[in-house]
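Open the model in a viewer and keep the sequence panel beside it. The tour below says what to select at each stop and what is found there.

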Amino acid sequence: MLWRDGAIASGTTAPLDHTDRGLTLGDGLFDTALALGGRVAFEDAHVARLVAGAGTLGIPVDPERVRQAMRALAGQGDRLAIRTTLTRGSGPRGLKPPDDPHPTLFATAAASTKAVAFAPLRLWPTPIARNDTSPAARLKTLGYGDAVLAAGEAAAAGFDEALFRNTRGRVACAGTGNLFALFGETLVTPPLSDGVLAGIVRAEILARAAACGLRAEERSLSLPAIVGAEAVVLTNSLRLLAPVTAIGDAALGSAGHPAVDRLKAALRAALARSCQVAEEMVA
């Protein structure tokens with residue numbers, strides 16, 4: 001399904017100006033959200049992040065227009081993955097942004113399944129470095145070339161996702177999510193300054209760690225440190241909180257770890273409240 005200019009189409013095809021900077025330069029942003037029972041999970045946070053990112057790039061956008069797009073698609077099914085895309089719109093040749101941009105906003109929805117939520121996965125450390133010196137590393141921009149290459153590399157090696165380190169060798173994130181490592185009662189996630197996107201579920205876990213008996217910290221992690229953690233999890237809006245069972249050749253006891261189970265239960269409850277559905281609908 002596609003939302004464009006206030007209307008929903010059953011397919012995903014619509015006219016697009018071939019000088020749109022989102023197409024020619026990757027000049028734009030996107031957001032991925034889970035909708036359950038007709039409501040977008042953590043809707044305010046998703047809208048706020050997209051609007052804040054647009055502000056950083058200098059792309060004007062109406063928050064209520066973004067909300068309208070998400071809500072219109074959320075009402076089309078019981079469990080949907082909603083992707084909202086904003087580009088700077090069309091412009092003349094060259095890199096310099098136009099003085100008077102006319103942004104393009106559209107959103108698509110596809111069926112999502114419970115099987116994706118909380119499912120364990122294995123990570124492959126990619127040699128591709130995440131550029132922590134770039135402001136774009138902390139935004140959900142359309143420039144996903146490195147992630148696409150790393151995903152293919154991980155799949156060829158028999159893994160589910162890639163793990164990125166930054167230019168200083170510090171762990172940054174996975175290809176599609178944030179990472180947390182557990183050391184005793186301390187839950188550590190890399191800081192945004194290490195080239196990390198401020199994930200929506202990342203924020204939820206940081207906010208709920210204390211109630212789960214954990215002390216949350218944002219600090220840099222080396223690859224040996226995260227491999228030596230008691231448990232590692234990946235968070236994003238569709239996988240929610242995925243136990244990482246291996247990083248490269250190293251096996252991890254993340255699945256079934258009591259602290260991971262507590263975090264999963266807290267996140268499941270928060271999602272259910274956000275969408276006003278029963279917890280069984282989450283996963």
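Select E43, D44, E64, R67 and R71: in this predicted model, these five side chains are linked in a network of salt bridges. Within that group, pick R67 and E64, whose side chains meet in a salt bridge with 3.5 Å from N to O. Both belong to helix α3, residues 63-74, and they sit three residues apart, about one turn of the helix. Which of the two is buried? R67 counts as buried, because its relative accessibility is 14%. E64, at 47% relative accessibility, counts as partly exposed.

Stay close in sequence and select F42, which is found in the loop between β4 (39-40) and α2 (43-57). Its phi is near 55°, a positive value in a residue other than glycine. Most residues other than glycine have a negative phi. F42 has a relative accessible area of 11%, so F42 is buried.

A second residue with a positive phi is D5. Select D5 in the loop between β1 (2-4) and β2 (7-9). The phi of D5 is also near 55°, and D5 is not a glycine. Is D5 buried or exposed? With 59% relative accessibility, D5 counts as exposed.

Return to charged pairs. Side chains of opposite charge can pair when their charged atoms come close. Select R88 and D27, which form a salt bridge with the closest N and O atoms 2.6 Å apart. R88 lies in the loop between β5 (79-87) and β6 (104-111), while D27 lies in the loop between α1 (21-24) and β3 (28-36), so this pair ties together parts that are 61 residues apart in sequence. Both R88 and D27 are buried.

Next, select K96 and D99. Their side chains meet in a salt bridge, with 3.1 Å from N to O. K96 is exposed, with a relative accessible area of 59%. D99 is exposed too, with a relative accessible area of 73%. Over the chain, the count of salt bridges comes to 16.

Now a charged residue without such a partner. Select K264 in helix α7, residues 258-275. K264 is buried yet has no salt bridge. Which side chain of opposite charge is nearest to K264? That side chain is D261, 4.1 Å away. A salt bridge as counted here needs a side-chain nitrogen within 4 Å of a carboxyl oxygen, so a distance of 4.1 Å falls outside the rule. To see what else surrounds K264, show F118 and L241: K264 is in contact with both, leaving aside its neighbours within four places in sequence.

Move to strand β8, residues 161-166, and select N166. N166 is buried, with a relative accessible area of 4%. Add D132 to the selection and draw a line between the two C-alpha atoms. N166 and D132 are 34 residues apart along the chain, yet their C-alpha atoms are separated by 5.8 Å. Which residues does N166 touch, not counting those up to four places away in sequence? They are A129, R130, D132, A172 and D194.

Clear the selection and look at the whole chain. Colour by secondary structure: there are eight helices and 15 strands. The C-alpha atoms fill a box of roughly 55 × 45 × 35 Å, taken along the principal axes. A compact globule of 283 residues would have a radius of gyration near 19 Å, and the chain has 19 Å, which agrees.

Then colour by accessibility. Of the 283 residues, 48% count as buried. Show the surface: its accessible area comes to about 12300 Å², and 55% of that belongs to carbon and sulfur atoms.

Finally, colour by charge. The chain has 29 positive and 27 negative side chains. The centres of these two sets lie 1 Å apart. As for contacts with a separation of 6 or more, 70% are between residues 24 or more positions apart. N166 and D132, shown earlier, are one such pair: they touch and are 34 residues apart along the chain.

Definitions and conventions. Residues numbered from 1 in each chain as written. Predicted model: local features only at pLDDT ≥ 70, side-chain atom pairs only at ≥ 80, totals over all residues. Heavy atoms only, no water. Helix = DSSP H or I, 4+ residues; strand = E, 2+ residues; numbered from the N terminus. Buried < 20%, exposed > 50% of the residue type's maximum accessible area, 1.4 Å probe, protein only. Lys, Arg positive; Asp, Glu negative; His and termini not counted. Contact = heavy atoms within 4.5 Å. Rg over C-alpha atoms; globule rule 2.2 N^0.38 Å. Areas by Shrake-Rupley, 256 points an atom, 1.4 Å probe, with all protein chains shown as cover. Charge placed at Lys NZ, Arg CZ, Asp CG, Glu CD.
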